[in-house]
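This report describes the surroundings of a bound ligand and then turns to one residue elsewhere in the chain.

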Amino acid sequence: MLTAQITGWGKCLPPAVLSNDDLSQVMDTNDEWIRTRTGIGQRHISHVSTSTLATVAAKHALASAGLQASDLDMILIATASPDTLLPNIAATVQAELGASCAALDINAACSGFLYGVGLATAQIKCGQMQRILIVGAERLSFYINWTMRESAVLFGDGAGAVILEAVTSDQPAGVISYAMHNDPSGREHLKVDGFGSDMKRFDQEAENFHLQFNGREVFKRAIGGMGKLSKQVLEQAQLTTDDIDLVIPHQANVRIIETLIAKMGVPAEKAFVNIEQYGNTSAATIPIALCDAIEQGRIKPHDTLLSCAFGAGLTSAAAVIKW
Ligand code: ACO
């Protein structure tokens, strides 16, 4: 049986760290509010472009898979904060790596990395491609209005990458199920507008060019969306939550994760949480969390992982991965 297996991984977190206490120096907030409402303690802020973060993470992933850039059949970069609209940043990363392959960006917000896993798995399982680089990379600090405490405290910059390879196995292995969905009825609840072809052409400054969201609505829908897609991928894989060794959810708010996990009937210790260190890095949260879980010895050979995400669109995605 032809399967798509993760054979390499890597991450890149820019060195500058902005703590909750740092933020409280410039806006009316405090460490206690941010930690209790979100679980965030600090975030990394990048002075380099999203494509640079993505390239570093990609190089680590290639090295850990023992591959050269020339081995790649496709590069997928999930991002909501590309360096440029055209060309896509996958082209920039491809040039930096020196690869000769297909390359495109995925704009599915925080679910973008798992959308990439789904699309890449399909390419591999149908025999079309053998090795695909998937990166989640963001420089969300670019979209932050630093006078708005309700959003400025939530986000961070970073990148994570994996290599998905075609492997033949007679046992269930690699990405054994995946699902993607979008609920456009919620598209106004989470957005960056004032940009793109909607922009007033000769405006010097786009008025609403920053992240806007309806926190309570997103909170509620995130739990529903990730719960639904998780159930779907478990059913597809003919597994139950008892079969799952580790859940790697999107890291938007620790309270979202705790509520989701409790609703799914999964013990809290089975959820991987690293939002304290990085904040919400959107499409990058899951590949960064995967790298951290591996570094911390939380993933063992043959473990079964469930990953799920939710973001602007409102997108949702999930996958079951046999390690
Ligand atoms: N510091 C101190 N006080 C604050 C801050 C802050 N940074 N931000 C808001 N407050 C105040 C508000 O002004 C409000 O004060 P009031 O009661 O006097 O009016 C009070 O805190 C409560 O504000 P709420 O917005 O009701 O707080 P809530 O408990 O809903 O938490 C949060 C807000 C953290 C955004 C939460 O709704 C959430 O996590 N939502 C989902 C995540 C999300 O939307 N992320 C962005 C989208 S990305 C994604 O990954 C899906």
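A residue is called buried when its relative accessible area is under 20%, exposed when that area is over 50%, and partly exposed in between, with a 1.4 Å probe and protein chains only. By this scale Ala-271, at 9% relative accessibility, counts as buried. The model is predicted, so that local features need pLDDT of at least 70 and side-chain atom pairs pLDDT 80 or more, while totals for chains, interfaces and linings use all residues. Residues are numbered from 1 along each chain as its sequence is written, and side-chain values use heavy atoms, without hydrogens and water.

Ala-271 sits in the loop between H8 and helix H9 (275-278), helices being DSSP runs (H or I) of at least four residues, numbered from the N terminus. Beyond its neighbours within four places in sequence, Ala-271 is in contact (heavy atoms within 4.5 Å) with Val-247, Ile-257, Ile-261 and Arg-298.

Around the ligand there are 24 residues, each with a heavy atom within 4 Å of it. Domain 1 (2-168) and domain 2 (174-322) both contribute to this shell, so the ligand lies between them; the domain bounds come from an automatic or database assignment. Helix H7 gives the most, with four residues.

The table lists polar contacts of the ligand, meaning pairs of N or O atoms within 3.5 Å.

| Ligand atom | Protein partner | Distance |
|---|---|---|
| oxygen | Arg-37, side-chain N or O | 2.6 Å |
| nitrogen | Gly-215, polar backbone atom | 3.0 Å |
| oxygen | Arg-216, side-chain N or O | 2.6 Å |

Conventions:
Polar contact = N/O pair within 3.5 Å; in protein donor to acceptor, adjacent residues only side chain to side chain. Helix = DSSP H or I, 4+ residues; strand = E, 2+ residues; numbered from the N terminus.
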